[in-house]
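Student: I'd like to go through this model and ask, for each label, what earns it. Can we take it one call at a time?

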Amino acid sequence: MSELRRPVECGVPDSKQFMHPALVRNYGQWAFHDRPRPGVLRHVSDSGEAVYTVKAGTQRQMDVHTIRALCDIADTFCDGHVRFTVRSSVEFMTTDEAKVAPLIERLEKDGFPVGGTGNSVGFISHTQGWLHCDIPGTDASGVVKALMDELVDEFKSEEMPNRVKITTSCCQINCGGQGDIAINVQHTKPPVINHALVAGVCERPAVIARCPVAAIRPALVDGKPSLEVDEKKCVCCGACYPPCPPMQINDPVHSKIAIWVGGKHSSTRSKPMFHKLVAAGLPNNAPRWPEVAEVVKKILAVYKADARAWERMGEWIERIGWPRFFELTELPFTKYHVDNWRGGRANLNASAHLHF
Amino acid sequence: MSELRRPVECGVPDSKQFMHPALVRNYGQWAFHDRPRPGVLRHVSDSGEAVYTVKAGTQRQMDVHTIRALCDIADTFCDGHVRFTVRSSVEFMTTDEAKVAPLIERLEKDGFPVGGTGNSVGFISHTQGWLHCDIPGTDASGVVKALMDELVDEFKSEEMPNRVKITTSCCQINCGGQGDIAINVQHTKPPVINHALVAGVCERPAVIARCPVAAIRPALVDGKPSLEVDEKKCVCCGACYPPCPPMQINDPVHSKIAIWVGGKHSSTRSKPMFHKLVAAGLPNNAPRWPEVAEVVKKILAVYKADARAWERMGEWIERIGWPRFFELTELPFTKYHVDNWRGGRANLNASAHLHF
Amino acid sequence: MSKKMPPTPMLDQLESGPWPSFVTGLKRLAEDGDKPSAKIMKGLLGQLEHSYQTRKGYWKGGTVGVFGYGAGVIARFSEQAAQFPESSEFHTLRIMPAPGFFYDTKTLRQMCDIWEEHGSGLIALHGQSGDIMFQGCRTEQVQPAWDKLNEMGFDMGGAGAGVRTAASCVGPARCEQACYDTLAAHRAIINDFTDDIHRPSLPYKMKFKFSGCANDCANATQRADVAILGTWKDDMQVDQDEVKAKVKQLGRKEFINQVIRMCPTQALGLNDDDTLDVDNKSCVRCMHCINVCTKALKPGKERGICILVGGKRTLKIGDLMGTVLVPFMKLETEEDFAGLVELAHNMLDFFADNALEHERTGEMIERIGLVNYLEGLGLELDVNMINQPRTNSYIRTDGWDEEARKWAERKNSAAE
Amino acid sequence: MSKKMPPTPMLDQLESGPWPSFVTGLKRLAEDGDKPSAKIMKGLLGQLEHSYQTRKGYWKGGTVGVFGYGAGVIARFSEQAAQFPESSEFHTLRIMPAPGFFYDTKTLRQMCDIWEEHGSGLIALHGQSGDIMFQGCRTEQVQPAWDKLNEMGFDMGGAGAGVRTAASCVGPARCEQACYDTLAAHRAIINDFTDDIHRPSLPYKMKFKFSGCANDCANATQRADVAILGTWKDDMQVDQDEVKAKVKQLGRKEFINQVIRMCPTQALGLNDDDTLDVDNKSCVRCMHCINVCTKALKPGKERGICILVGGKRTLKIGDLMGTVLVPFMKLETEEDFAGLVELAHNMLDFFADNALEHERTGEMIERIGLVNYLEGLGLELDVNMINQPRTNSYIRTDGWDEEARKWAERKNSAAE
């Protein structure tokens, strides 16, 4: 066997070598932008040059044939340059306004919906799920495909009050981050422990330390060192499962889907917000998760109808109040919505500000 | 000795027997109010009847001669009726507009400043202090007299952006409640323990339980059961002192005065707010506390000059930002301003909202 | 004169200046001939001057009371009794005024006479607790003073671990913004709790305060365990002609700045014809626009109360604001008042049974969680109780379907 | 074809509908003749269908790497290897893209060719981490695939307890709102941390993300331990003629509603001549009005960065947002960039020395307090770090005068 190759520790490459030349020319010299139509951005530089960007959705997990198809389009219309967004949409840039319409036509023909600009529902950021993750409670790719099929018209238009960022996470760790709507797994039963394996697989003190409510303690089971869970304390978060796979938290029936709303990372207008629990107990109903889709569509429909221009989901709800949100969405309000840890008092209404 | 009289457990009397007849007549039938001039309110009822209220400041801790003087005025101008406000101002009511000017003249002549209405600096609510409290670090009555002497013009006019409620508290328990400006004692050294007395005077487990940072533990000192304080943990709050007077927290030098701003109880516009620490380390400088007066006057002057109509102190600061508040008031900003308990993260700036 | 006035060089500095001086009052009493109050006050002035010199207080508590009651007298014994024997005992009688602090002069004069005879002549109107504070009484004078005050029709206030004296705003007696009768509610509750006021046996104190609207002139939100605030449920009342007049008075830009822009939920818009566009569904009944436009705007007509629970000062876990317990409740009929009093008793009973020693209601709720408190009281969950739903996933939701079913049932039965 | 396609009745239901289907892509690869990728994909489809049927995942981690690096390959071994032996090893190579996700087609096609030869043909653009995810590689193919990708000029991303791959918004490449060069900053920091990316030895992961303004298109605020956001210090730029045009376009009432009323600090007023009244002292650089009026309004000219620290997801104490660590810093000259890189190294070193195992930076700061963190880094306290000063008095302030003196010194030296 030949000697192994030593890596070139090069870090990230310079972006400019890949960039459309018009972007290099006008780098840092942009004057303003507008959106001629949904899916299209126009950026005008101080020099007067305009660059048109056409944005389209992808499936993110792409086979090489899909990527080559995108390359073909970029070669035909954009001098061989292409860019992806943080949310896995693809962007084609050209300085030639005349190319915009045929480019859109080609993308749509090849199955890439054009949209995702302005106040639209963007592509749903998602995690790996059953396809590749080692701790997933569901398959984010499938949830996202099923949902985008239903929301594609809102991706292709700009008819929402503000942009809508939806995220999914296959477990409670919330890898998807904060979203206007977040679709996350929520376990409802404590882990089922395979005591025969614990000693061999798990570093027990580390597992005990991971539990956020100190519900795990060492135990001897059938003469073997293992761990046990105080089921009264356990909040079923699944934090013990990654460091100790014999503590199986995933369950075909009791791993449910929860919907959270009103999160945002941006500091635009309001400060960044965490998303808030609004629905739980939805079944993990592969392959198309219709119960999840129903709740998400209901929330979006109400938001679209009721929110004012530029209000993000969480800002809209703050204005109209949570009572009205639950009224309009017809979702049940339960004791589980009330934050019950000691610091949770910050989420109680300490005022006479009331919504009727 | 004769038998002791058994009390009549009558509770509070009906207010209407003491009320000016015009108030009884129009009870619950008021249409609107306005303020013809500082110190005077006019309430108009649905029937068209108007009641004029003239408001004046008192020293709250009144000798009977002062009270009788107020009674004389009420008999002369107001058919023998008078009312006090929550902040110990006195109110005289009449339906006769012609009596308003002479009433004001008489009050001023007799030493009762007329004002405290609308957007003025109200009388300072205060605690008992050295005059009557068993745990005081300062004399609130004295601080308040000294300050009101300096602020009387702002009491008599309505030139503040919104009303200013100032409170004082003689210890850290904050009996004065939340204030636009709160002037409270802040101890800076742990209690000095008279070990000879502890066992006889203090219920030791109860004292240990009172400590918010678990810094007190039982100890044997000179063979006697006593208590000791972990001085590294102690936050010098003085909570142990009321249940255990041998744990002397008050100190002529190390019991300082701190200034807090931006508290409010009302839900008007913003939700109720806690006051926030802005200055500490001020000397407990009886009899006129000039260092305290200087800081209070500076804050009020800046607020008056910079805030917009209707902004309460805390709302004004939220708009202009705390950086600008410290800049305008020229107060030092220190590590003591940063909330350092675990839940204190809520007070950190988790956004790109910045003030320059 | 039996004794000379003590020298008070530091206190004397508080006699100058335009504000009424309590020191001048104290000296007036001390110099008032041979009255017993004059003697007490000479001692008191001496000790207070000593406090100013040394920057320390010298009062110790103790147990002094009246026959039949377990609270209401604040005992004060001097640590400097040897030096100032005249004021070695300087107790306070807490007496509850009529709600809203209304007096006629006959009553006040009678109180002054009693206090000149039995006490120091010094009366605070009022204490932070809402009591008339008859300050400075020797032990043997407490009972006779109390007998006379009680015979006037006044009762003793709360102290220690019991229900405390209440306070209320001026209410419908003189305010068009009062959404309920604060004075009647105050009297209804307090007069049903006299036993718990006079014979304290709770884990710690419990306070009620009453404000007619969100302006909270009684400072109830943070200063009462139970804050009862007025509010309304329907649309606020708008007189558009008066709105136009206000726009004209302030100017358009200033009206936008002072009214439109300051609405905390952006519930207001200014129409191009200078009338007000009110989105009542977004309105939180904060009172701001009503305060600014007293002639043009008023609370709605479907008025009632909301109840906040858990306000308190610093000890032991830091200041707490009250949080919503009952978002809306009518308070008009006798039955409404009886319902409020019953709820107050339930709150007291739960507190008595569940709070730890020296724990306030707000601290107890912080410890056990709002949901358990609601269940203990048999109150139903309402979305107005929260600022926002939970933001963390550390919760076990296996009873979700059952809870969702309960909610649906409540909604359906409310709709019927 | 060496093996039949597995039946995938559930997955097939994800082939219909207008959105591009990843299942169709997987099947396209599985049916692609005799390529090695086709074989892997048949196994993968079988196992994924099995997951859909049983609602469970079947991947286990492990240790697979490339020569010289300690991280960057995510190992996946199947628990169902017996049933689906073709995809029993299905590792992912994390490869860092150019900042801003820019590509030319030559590069992409080359990557496709490599992955068709050595892997499954499945590539995610991009992972949540910001990496190109080359998914589905047998253990023996990892090194040859890596060698080729590395030779193209790409490097491996982070994994485990080290510095992670970064992400950035489009920045000055195509946005007039970018207040600094996000792409350059990204590259400057990441390329100085390659050792900590490739040989993780920290208590836990550390992430950097770069957004050009408060809109935070890179989602840095909550998703990065160190969020670097663009901002400005002087007044924002206003073109009043364009403002007037916008007022005309929206109508006066709507302009008030959408711009004036939505400013979070009421920093905007509408003058009677339809020009904008900007109170820059109240402005918090939130970007809202600039977003709405892209032609009329722009960030100021004195631009730079602010740094937020401590963002993270749920484990172990719940989600945290980053909080301000550096309110403003210029990022223009080489010295500025060197200063930023040095600060990042200091943050990493402090984290390495002080965090507990499996603790993120935000959790460490929560535990030790922001002030101790600042002292550890030698950074100075700034009022922009807080929402508001402390509201509770449980603090020992006996060093007040000394701290006040330090503040005054800083202010004076800044004024000089």
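Tutor: Sure. A disulfide here is a pair of cysteine sulfur atoms within 2.5 Å. Keep in mind that the model is predicted.

Student: Okay, what makes Cys202(A) and Cys244(A) a disulfide?

Tutor: Their sulfur atoms are 2.1 Å apart, and the cut-off is 2.5 Å, so the pair passes. With 75 degrees about the S-S bond, this link of Cys202(A) and Cys244(A) is right-handed. The two ends sit in distant parts of the chain, 42 residues apart. Cys202(A) is in the loop between α5 and α6 of chain A, and Cys244(A) is in the loop between β11 and β12 of chain A.

Student: Why is Cys202(A) called buried?

Tutor: Buried means under 20% relative accessible area. Cys202(A) has 8%, so the label fits. Cys244(A) comes out at 0%, so it counts as buried too.

Student: How many disulfides does the structure hold over all chains?

Tutor: Two. One is the pair in chain A, and Cys202(B) and Cys244(B) form a disulfide as well, with sulfur atoms 2.1 Å apart. The angle about the S-S bond in the chain B link is 75 degrees, and the link is right-handed. Cys202(B) lies in the loop between α5 and α6 of chain B and Cys244(B) in the loop between β11 and β12 of chain B, so parts 42 residues apart in sequence get tied together. As for burial, Cys202(B) has 8% relative accessibility and Cys244(B) has 0%; the limit is 20%, so the word is buried.

Student: Why is there no bond between Cys169(D) and Cys217(D)?

Tutor: Distance. The sulfur of Cys169(D) is 6.1 Å from the closest cysteine sulfur, which is in Cys217(D), and that's too far for a bond. Cys169(D) is buried at 9% relative accessible area. Cys179(D) is in no disulfide either: the nearest cysteine sulfur belongs to Cys213(D), 6.4 Å away. Cys179(D) is buried, with 6%.

Student: On to the sheet in chain A. Which strands make it, and in what order?

Tutor: Four strands, ordered β7-β8-β13-β14, forming an open sheet with mixed pairing.

Student: What makes β7 and β14 of chain A edge strands?

Tutor: Each one pairs on one side only. From one strand to the next, the twist averages 25 degrees.

Student: How do you know that β8 and β13 of chain A are paired?

Tutor: Two strands pair if there are at least two bridges between them. Seven bridges join β8 (residues 181–187) to β13 (residues 255–261) in chain A, so that requirement is met. The two run antiparallel. Within this pairing, Ala182(A) stands opposite Trp260(A) in β13(A).

Student: Which helices lie across the sheet strands?

Tutor: Helix α4 (residues 140–156) of chain A lies across β7 and β8, at about 155 degrees to β7(A). Helix α7 (residues 290–306) of chain A lies across β7, β8, β13 and β14, at about 10 degrees to β13(A).

Student: What makes Lys335(A) and Glu403(C) a salt bridge?

Tutor: The closest N and O atoms are 3.8 Å apart, and the limit is 4 Å, so the pair counts. Across the interface of chain A and chain C there are six salt bridges. That contact takes 54 residues from chain A and 55 from chain C. The area buried is about 5,500 Å², with 58% of it from carbon and sulfur atoms. Tyr336(A), Arg345(A) and Phe356(A) supply 17% of what chain A buries there, more than any other three residues.

Student: And how do chain A and chain D meet?

Tutor: There, 115 residues of chain A are in contact with 119 of chain D. The buried area is about 10,400 Å², 57% of it from carbon and sulfur atoms. The count is ten salt bridges. For Glu91(A) and Arg174(D), the closest N and O atoms are 2.8 Å apart; the cut-off is 4 Å, so this pair qualifies.

Student: Last one: why is Thr194(D) called buried?

Tutor: Its relative accessible area is 12%, and the label needs under 20%, so it applies. Thr194(D) lies in helix α7 (residues 194–198) of chain D. Leaving out residues up to four places away in sequence, Thr194(D) touches Glu9(A), Gly11(A) and Asp155(D).

Methods:
Residues are numbered from 1 along each chain as its sequence is written. Chains are lettered from A and ligands numbered from 1 in the order in which they are written. This is a predicted model: local features need pLDDT of at least 70, side-chain atom pairs count only at pLDDT 80 or more; totals for chains, interfaces and linings use all residues. Side-chain values use heavy atoms; hydrogens and water are left out. Axes are lines fitted to C-alpha atoms, for helices over the stretch in contact, and angles run from 0 to 180 degrees between N-to-C directions. Contact means heavy atoms within 4.5 Å. Buried means under 20% relative accessible area, exposed over 50%, partly exposed in between (1.4 Å probe, protein chains only). Buried area is the accessible area (1.4 Å probe) that two parts lose on being put together, summed over both. A salt bridge is a side-chain nitrogen of Lys or Arg within 4 Å of a carboxyl oxygen of Asp or Glu.
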